[in-house]
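Biologist: Please put the model on the screen. I will then ask about its parts, one question at a time.

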Amino acid sequence: MNKFFLVFYLTFTVSVISQNNNDGSVKPNIIFILTDDHATNAISAYNDRFKEIAPTPNIDRIANNGAILTNAFSTNAICGPSRASIITGKYSHINKYYKNYQGGNFDGSQWTYPKALQNGGYQTALFGKWHLASEPQGFDFYKYHIAHGEQGVYWDPTYNENGIPKKEKGYATNITTDFALDWLKNVKKDAPFCLLLQYKAPHREWAPDKKYESLYENQDLPYPDTFNDDYAGREQTAGDTHMTMDFLNRRDLKITPPDSLEGKQLRKWLDYGNNPEEVVYPNIKLKGEDLKAWKYQRYIKDYLATIKSVDDNIGRVLNYLKEHDLEENTIIIYASDQGFFLGDHGWFDKRFMYEESMRMPFIIRYPKVIKPKTVVTDIISNIDIAPTVLDMAGISKPNDVQGKSFYKNLVGKTPKNWRQSMYYHYYEYPFWHHVQPHYGIRNERYKLIHFYYDIDVWEFYDLEKDPSELKNLIHSKKHSSIINKLKKELYILKKDYGNSMTLEELKTISDTNFGGLESTKN
């Protein structure tokens, strides 16, 4: 064998090995599309609420050709902490990223699934929203939002491109997709790839693309059944937040500022509405219920319009895969870091352990393995995502990863010992939105929550009879045995997941300024 053919043979052999799993099968490519604050109620594959008005046909394409998870939950429904749990497979008290505001910097030196994929021969890239207040690790290439405390902005965003700040022109959802597709065009053919495409949308302040600014101009969008919730039996928890329509600010509501304002003065003017007693009135005639309805309509129309652009761009990604013969061996995941209140209980935002907030959309397509129109009802949490991705890629995870792979669940082989309940914990208080820190347990039918910072309040819900969580049954004698059983199970889960902190220690987490990108706001 001459030298040329020997080199060719060795190169070819290494190439094949790098693409193959231990069983000889070809490693799948992975595209994980993650949005921010996308409620399942605003995805037509999940819910009919906006199906006729604001369908999501491209997200639905993934669901129709793959699996949709109906009980996927965030373990801490707030952006940064949920993202940290997704990439580490660990709870906030283990990965140490508890909160956004004064939450410090994510420790990028710890294990993450992108690092494991990179070490396993994958080409890796991140585009869009990172929001972990630290330099991404485990990526061959990254380009993430750095403006506005890494929240990013919708128009003309500034990115960190492999350590270099770059301001770009255009609408963030569109151009982030442009960058991702440009990267895909240049990946090596002899190794699998993992692309994390993470949109800012539909996060606050819900700025639509120009072509969609008037998308729902002549329509009144439906109100949720709980829009006028009176918070009876939940006065100290649900009834004491800064998340009602009163707390939408001028920026959210697209109120035009005076021409004379700029810089800090302009920002202060636009942020008016964030604090109690700062109620925004578009005109002196709108008051009371009419004002509340106007604010909701403005908010929900902009929210859905930003999702229209997300869905358009997901269509671009799906079409690219088809045009380049990449569909069959590419896993496509669509998820959001948590859910969102779309006027439910009169709110916007998330944080609570209530259904609309903690429930994440999670949809996955893998043509070779997952049957079309698969529905998975098992209880899944965001810490399970990292081990599942690695399982599908044939890469092992460390023993200290707390999540479990649900790969078998996706193919109709749910393990007999799969969890029947999940543990939740939210820490940030009082800024933003004044939601009491709380922890709890949710199983298939019941939910138990303990609010603990400057109150000591328990809530208990029968989700089968009260899916909107309007009737707190914590004092129901009929349910006392179930409540006691759930309390015991909750404390066992806390212990099993390594959270042995006392209430005073938990309160200290909420009080401590760990620094970070959002440590100086007031």
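Biologist: Which residue in β15 stands opposite H438?

Modeller: This is a predicted model: local features need pLDDT of at least 70, side-chain atom pairs count only at pLDDT 80 or more, and totals for chains, interfaces and linings use all residues. Residues are numbered from 1 along each chain as its sequence is written, and side-chain values use heavy atoms, with hydrogens and water left out. Strands (E, at least two residues) and helices (H or I, at least four) are DSSP runs, numbered from the N terminus. Opposite H438, in β15, stands F451.

Biologist: How many bridges join β14 to β15?

Modeller: Two strands pair if DSSP finds at least two bridges between them. β14 and β15 run antiparallel, and the number of bridges that join them is five.

Biologist: What is the order of the strands in the open sheet?

Modeller: The open sheet has four strands, with antiparallel pairing. Its edge strands, β13 and β16, each pair on one side only. The order is therefore written with these two at its ends: β13-β14-β15-β16.

Biologist: What does the twist average from one strand to the next?

Modeller: Axes are lines fitted to C-alpha atoms, for helices over the stretch in contact, and angles run from 0 to 180 degrees between N-to-C directions. From one strand to the next, the twist averages 10°.

Biologist: What angle does the direction of α12 make with that of β14?

Modeller: Helix α12 packs on the sheet and touches β13, β14, β15 and β16. Contact means heavy atoms within 4.5 Å. The angle with the direction of β14 is about 110°.

Biologist: How many residues of β13 are buried?

Modeller: Buried means under 20% relative accessible area, exposed over 50%, and partly exposed in between (1.4 Å probe, protein chains only). On one side of β13 S421, Y423 and H425 are buried, and on the other M422, Y424 and Y426. The number of buried residues in β13 is six of six.

Biologist: Which residue in β14 stands opposite S421?

Modeller: β13 and β14 run antiparallel and are joined by six bridges. Opposite S421, in β14, stands N443.

Biologist: Which residue does a cis peptide bond join to F431?

Modeller: Most residues other than glycine have a negative phi, and most peptide bonds are trans. The bond that follows F431 is cis, with omega about -5°. The partner is found in the loop between β13 and β14; it is W432.

Biologist: What is the phi of H433?

Modeller: H433 lies in the loop between β13 and β14. At 8% relative accessibility, H433 counts as buried. Although H433 is not a glycine, its phi is positive, at about 75°.

Biologist: Which residue meets R351 in a salt bridge of 2.9 Å, N to O?

Modeller: A salt bridge is a side-chain nitrogen of Lys or Arg within 4 Å of a carboxyl oxygen of Asp or Glu. R351 is buried, with a relative accessible area of 5%, and has a positive phi of about 80°. D37, D349, K350, R351 and E428 are linked in a network of salt bridges. At 2.9 Å, the side chain that meets R351 is that of E428.

Biologist: How many residues apart are R351 and E428?

Modeller: R351 is in the loop between β9 and α9, and E428 is in the loop between β13 and β14. The pair links distant parts of the chain, and the separation is 77 residues.

Biologist: Is D462 buried or exposed?

Modeller: The side chains of D462 and R445 meet in a salt bridge of 2.9 Å, N to O. D462 lies in strand β16 and R445 in the loop between β14 and β15, so the pair ties together parts that are 17 residues apart in sequence. R445, at 24% relative accessibility, is partly exposed. D462 has 3% relative accessibility, so it counts as buried.

Biologist: Which helix gives the most to the largest nonpolar core, which has 45 residues?

Modeller: A nonpolar core is a set of buried Ala, Val, Leu, Ile, Met, Phe, Trp, Tyr and Cys residues joined through side-chain atoms within 4.5 Å. In the largest one, F32, Y113, L117, F362, I364 and L410 touch the most other members. With six residues, the helix that gives the most to this core is α10.
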